[in-house]
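The following paragraphs walk through a model with the structure open alongside. They begin at a single residue and move outward to the chains and the DNA.

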Number of protein chains: 2
Amino acid sequence: MPDSLRQVKAEIFQALGHSTRIAILQELRGRELTVNGFVERLGLEQANLSQHLAVLRARQVVVTRRAGNQVFYSVRDSLILEMLDLMRRYVVRQVDEAVARVEETERAEKGER
Amino acid sequence: MPDSLRQVKAEIFQALGHSTRIAILQELRGRELTVNGFVERLGLEQANLSQHLAVLRARQVVVTRRAGNQVFYSVRDSLILEMLDLMRRYVVRQVDEAVARVEETERAEKGER
DNA sequence: TCCATATATAGGAATATTCGAATATACTTA
DNA sequence: TAAGTATATTCGAATATTCCTATATATGGA
């Protein structure tokens, strides 16, 4: 694989690598939202949200549609949301395994006593 | 969703957000590799690779096994590789759509002439 | 045109990431 | 124990990211 392609992938992973931007994308499941919509739902500053939206726009993860005064954001390709789904599965699995390891350790320690 | 969970996800996305670390994970498809193995295959400096491997280790994306002198790295959960697969599909799709848009534009311009 | 509303951007400080060079640590073998 | 190989860590400079504050831009209505 050429490094330029990896670079493109890395930039999109980076775009997903911030909790606020993950929150933004989760809000965009199945709908579009204005900047003010994000402000209300996420309780963050308008400027800050605009900045994070700019990051997602730069990587073309989201697209915009202007309607009069407001700008509606939406996810360009829902494959991005599948990425978040996969990440959820991944994190859940790691946690489950960590719990299982703890329980296994406790069982072993009980047996030793 | 609590922000702490999003934070965990974001940290893993960040771990994937560098072309060298993507290259490392691709090399680990279906096998384990030593640090020197990465040096040979990727042609990067040993110290640099160790640093990137440390990032992946910190997020528990990879795990290590020491055998004598060497340290073997492997992917902890192959769901991570599915993430890379999904990202490949995503990038390919974006490129295809971009090409289609260009062709559509050319067709329209030809018609106008 | 003037004002209000919605959104974007610029500037600057704090923090984080990345890389190369140098050095430290771990293990093996003589 | 000394030397050699493999890997990890530290340091410092360069660059990037993030956030806040202030300001700019775009649009619609009076």
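**From one tyrosine to the whole assembly**

Tyr90(A) counts as partly exposed because it has 19 C-beta neighbours inside 10 Å, where 20 or more would make a residue buried. The model is a predicted one. Tyr90(A) belongs to helix H5 of chain A, which covers residues 79-112. Apart from neighbours within four places in sequence, the contacts of Tyr90(A) are Asp77(B), Leu79(B) and Ile80(B). Phe38(A) is 52 residues away from Tyr90(A) in sequence, and the C-alpha to C-alpha separation of the two is 26 Å.

The contacts of Tyr90(A) lead to the interface between the chains. Chain A and chain B each give 31 residues to the contact. On the side of chain B that touches chain A, two or more residues come from each of helix H1 (3-16), helix H2 (19-27) and helix H5 (79-112) of chain B. By class, that side of chain B has 16 nonpolar, eight polar and seven charged residues.

How is chain B placed relative to chain A? Chain B superposes on chain A by a rotation of 180° with 0.0 Å of shift along the axis, at an RMSD of 0.0 Å. The two copies are therefore related as by a two-fold rotation axis. Both copies use the same surface, and 100% of the contact residues of chain B recur in chain A.

The largest nonpolar core has 43 residues, and those that touch the most other members are Phe13(A), Leu16(A), Ile24(A), Phe13(B), Leu16(B) and Ile24(B). H1(B) supplies the largest share of this core, with five residues. Leu16(B) can serve as an example: beyond its neighbours within four places in sequence, Leu16(B) is in contact with Phe13(A), Arg21(B), Ile22(B) and Met83(B).

Next come the sheets. In chain A, three strands make an open antiparallel sheet in the order S1-S3-S2. Strand S1 (33-34) and strand S2 (62-67) of chain A are at the edges with a single partner strand each, so each has one side without a neighbour in the sheet. Two bridges hold the antiparallel pair of S1(A) and S3(A), and Thr34(A) has Phe72(A) of S3(A) as its bridge partner.

Chain B also has an open sheet of three strands, with antiparallel pairing and the order S1-S3-S2. Its edge strands are strand S1 (33-34) and strand S2 (62-67) of chain B, each pairing on one side only. S1(B) is joined by two bridges to strand S3 (residues 70-75) of chain B, and these strands run antiparallel. Along this pair, Thr34(B) is opposite Phe72(B) and Leu33(B) has Tyr73(B) as its bridge partner. On the other pairing, S2(B) and S3(B) are antiparallel over six bridges, with Val62(B) partnered by Val75(B) of S3(B). The hairpin of S2(B) and S3(B) has two residues between the strands, and Gly68(B) in this hairpin takes a positive phi near 60°.

Which residues come nearest to DNA strand C? Of the 24 residues around DNA strand C, the nearest are Thr34(A), Asn36(A), Ala47(A), Gln70(A) and Gly68(B). The elements that give two or more residues to this surface are helix H3 (35-42), helix H4 (46-58) and strand S3 (70-75) of chain A, along with helix H4 (46-58) of chain B. H4(A) provides the largest share of the surface near DNA strand C, at six residues. By class, the surface near DNA strand C has seven nonpolar, 15 polar and two charged residues.

DNA strand D is surrounded by 23 residues, with Gly68(A), Thr34(B), Asn36(B), Ala47(B) and Gln70(B) the closest. At least two residues of the surface near DNA strand D come from each of H4 of chain A and helix H3 (35-42), H4 and S3 of chain B. H4(B) gives six residues, the largest share of the surface near DNA strand D. That surface divides into seven nonpolar, 15 polar and one charged residues.

Terms used:
Residues are numbered from 1 along each chain as its sequence is written. Chains are lettered from A and ligands numbered from 1 in the order in which they are written. This is a predicted model: local features need pLDDT of at least 70, side-chain atom pairs count only at pLDDT 80 or more; totals for chains, interfaces and linings use all residues. Two residues are in contact if their C-beta atoms, placed from the backbone, lie within 7 Å. Helices (H or I, at least four residues) and strands (E, at least two) are DSSP runs, numbered from the N terminus. Ala, Val, Leu, Ile, Met, Phe, Trp, Tyr, Cys and Pro count as nonpolar, Asp, Glu, Lys and Arg as charged, and the others, Gly among them, as polar. A residue is near a molecule or strand if its C-beta atom, placed from the backbone, lies within 6 Å of it. Two strands pair if DSSP finds at least two bridges between them. Copies are superposed by least squares on the C-alpha atoms of residues with pLDDT of at least 70 in both. A nonpolar core is a set of buried Ala, Val, Leu, Ile, Met, Phe, Trp, Tyr and Cys residues joined through C-beta atoms within 7 Å. A residue is buried if 20 or more other C-beta atoms lie within 10 Å of its own, exposed if 12 or fewer, and partly exposed in between; C-beta atoms are placed from the backbone.
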